[in-house]
Amino acid sequence: MATVQQIVDTFRVYADEPDQTFLSDTVMQRIMNVAYQEFRQKVMEADPNILSRRMDIPVAGNSVDLSTIPVT
């Protein structure tokens, strides 16, 4: 699995702009944020339940011990 720095470095190669004064770290962070949001959107379009699950949890009283909930 790639690290964040490896992804940034790869993007700099694809952008053909190693000069950090042109593509500053702030600009790179914005670009990576937009790319990640687009990636999440595509994943959610493919499978809306991939990042979340719905569970019915029985409650007795006014509290729930989450350590007893089975992970499925």
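In the predicted model, the largest pocket encloses about 150 Å³ of space. Its lining is made up of Val4, Ile7, Val8, Met32, Asn33 and Tyr36, and both H1 and H2 contribute to this lining, each with at least two residues.

Of these two helices, H1 covers residues 4-15, and its length was compared with the expected value: at 1.5 Å a residue, its 12 residues should span 16 Å, and because the C-alpha atoms at its ends lie 16 Å apart, the model agrees with that expectation. Just after H1, the backbone at Asp16 adopts a positive phi of about 55°.

The segment after helix H2, which itself comprises residues 25-46, contains Ile57, and Ser63 is likewise located in the segment after H2. With a relative accessible area of 34%, Ile57 falls between the limits of 20% and 50% and is therefore classed as partly exposed, whereas Ser63, at 51% relative accessibility, passes the 50% limit and so counts as exposed. Ser63 is also separated from Val43 by 20 residues in sequence, and the C-alpha atoms of this pair are 34 Å apart in space.

On the surface, Ile57 belongs to a nonpolar patch that it forms together with Met55, Val59, Val64 and Leu66, and the accessible area of these residues together amounts to about 440 Å². The partly exposed state of Ile57 is consistent with its place in this patch, because patch membership requires over 30% relative accessible area and the value for Ile57 is 34%.

Technical notes. Residues are numbered from 1 along each chain as its sequence is written. This is a predicted model: local features need pLDDT of at least 70, side-chain atom pairs count only at pLDDT 80 or more; totals for chains, interfaces and linings use all residues. Side-chain values use heavy atoms; hydrogens and water are left out. Patches are made of residues with over 30% relative accessible area and no salt bridge: like charges are joined within 9 Å, nonpolar side chains (Val, Leu, Ile, Met, Phe, Trp, Tyr) within 5 Å. Accessible areas come from the Shrake-Rupley method with a 1.4 Å probe; for residues, only the protein chains shown count as cover. A salt bridge is a side-chain nitrogen of Lys or Arg within 4 Å of a carboxyl oxygen of Asp or Glu. Helices (H or I, at least four residues) and strands (E, at least two) are DSSP runs, numbered from the N terminus. Buried means under 20% relative accessible area, exposed over 50%, partly exposed in between (1.4 Å probe, protein chains only). The expected span of a helix is 1.5 Å times one less than its number of residues. On a 1 Å grid over the protein atoms alone, a cavity is a set of points where a 1.4 Å probe fits but cannot get out, and a pocket is an open set with protein on both sides within 12 Å along at least five of seven lines; lining residues have an atom within 4 Å of a point. Grid points are joined across faces, edges and corners, and a volume is the space filled by probe spheres set on the points.
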